[in-house]
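Please look through the protein shown here, because a student and an author are about to talk it over step by step.

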Amino acid sequence: MGYYSMYGHVAKLAEEIEKGASSVEGVEVKLWQVPETLSDDVLTKMGAPSKKDVPIITPAELAEADGVIFGFPTRFGMMAAQFKAFMDATGGLWRTQQLAGKPAGIFYSTGSQGGGQETTPLTAITQLVHHGMIFVPVGYTFGAGMFEMEQVKGGSPYGSGTFAGDGSRVATELELQQAFHQGKYFAGIAKKLKGSA
């Protein structure tokens, strides 16, 4: 699983997705983050906390995975530039179609309810399509949690999500449960696809 997280919201979802995927027997999960493109000085001015101690992924490591879930915050309704820069570095994998046929999922964080909970994953799917990856949405498999109307909840049929607000909001228990579910659901699909190959 590869992600980018500036303020920690996507990292928190990634941890829950990792737990969910790890709960599937016979599945090994690796958690990676993509390289930061901003200088420490800029990150400090933006109030970004220190990054978690998670290994930095290289494009070549994607080819070794049986499936990948990508996570990122939104910037103007699309994936953050840091994650896009990483995807742009996968041109060699694209040229040889090394990711073709691999399952891929998406999760995300947005600043507000109208800030890209559907446009962010929808625009990110183009990256998967060019690589020939198989998009595995969470759909409505999370059940009643998908229809929650009493509390603010991120996520959509595309994948799990959260709202960052001004940065002080943390993922709710329901959002974390959806992330766990996505990891478990995705790992089950990836395991089935690997077993049928």
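The questions and answers below go from the model itself to its helices, rings, cores and loops.

Reader: What kind of model is this?
Author: Residues are numbered from 1 along each chain as its sequence is written, and side-chain values use heavy atoms, with hydrogens and water left out. Local features need pLDDT of at least 70 and side-chain atom pairs count only at pLDDT 80 or more, while totals for chains, interfaces and linings use all residues, and the model is a predicted one.

Reader: Which feature does UniProt place at residues 1–186?
Author: The end C-alpha atoms of residues 1–186 lie 11 Å apart, and the span is 36% helix and 15% strand, where helices (H or I, at least four residues) and strands (E, at least two) are DSSP runs numbered from the N terminus. UniProt positions are given here in the numbering used for this model, with feature names shortened, and annotations may be inferred rather than shown by experiment. For this span the unreviewed UniProt entry gives "domain: Flavodoxin-like".

Reader: What span does helix H1 reach from its first C-alpha to its last?
Author: Helix H1 covers residues 9–22, which is 14 residues. The expected span of a helix is 1.5 Å times one less than its number of residues, and for H1 this expected value is 20 Å. The span in the model is close to that expectation, at 20 Å.

Reader: Is glutamate 16 of H1 buried or exposed?
Author: Glutamate 16 lies in helix H1, where its side chain joins that of lysine 19 in a polar contact of 2.9 Å; such a contact is a pair of N or O atoms within 3.5 Å, in which, within protein, one must be able to donate a hydrogen and the other to accept it, and residues adjacent in sequence count only if both atoms are side-chain atoms. Not counting residues up to four places away in sequence, glutamate 16 touches Leu176, Ala179 and Phe180, a contact being heavy atoms within 4.5 Å. Buried means under 20% relative accessible area, exposed over 50% and partly exposed in between, with a 1.4 Å probe and protein chains only. Because its relative accessibility is 11%, glutamate 16 counts as buried.

Reader: Which residue joins its side chain to that of serine 160 in a polar contact?
Author: Serine 160 sits in the loop between S6 and S7, and it counts as buried because its relative accessibility is 0%. Among the residues that serine 160 touches, not counting those up to four places away in sequence, are Leu13, Ile17 and Gln182. The polar contact of 2.6 Å joins the side chain of serine 160 to that of glutamine 182.

Reader: How many degrees lie between the planes of phenylalanine 72 and phenylalanine 83?
Author: Rings of Phe, Tyr and Trp (its six-membered ring) pair if their centres lie within 6.5 Å, and planes under 30 degrees apart count as stacked, over 60 as edge-to-face and the rest as tilted. By this rule the count comes to four aromatic pairs. Phenylalanine 72 and phenylalanine 83 form a tilted pair, with 5.0 Å centre to centre and an angle of 55 degrees.

Reader: Which residues form the cluster linked by ring pairs?
Author: Phenylalanine 72 counts as buried because its relative accessibility is 1%, and phenylalanine 83 is buried, with a relative accessible area of 1%. Ring pairs link a cluster made of Phe70, Phe72, Phe83 and Phe86.

Reader: Which elements each supply at least two residues of the largest nonpolar core?
Author: A nonpolar core is a set of buried Ala, Val, Leu, Ile, Met, Phe, Trp, Tyr and Cys residues joined through side-chain atoms within 4.5 Å. Of the 26 residues in the largest one, Leu62, Phe70, Phe72, Phe83 and Ile106 touch the most other members. The elements that each supply at least two residues of this core are S3, H4, S5 and H6.

Reader: Is phenylalanine 76 buried or exposed?
Author: Phenylalanine 76 is placed in the loop between S3 and S4, and it has a positive phi of about 55 degrees although it is not a glycine. Because its relative accessibility is 86%, phenylalanine 76 counts as exposed.
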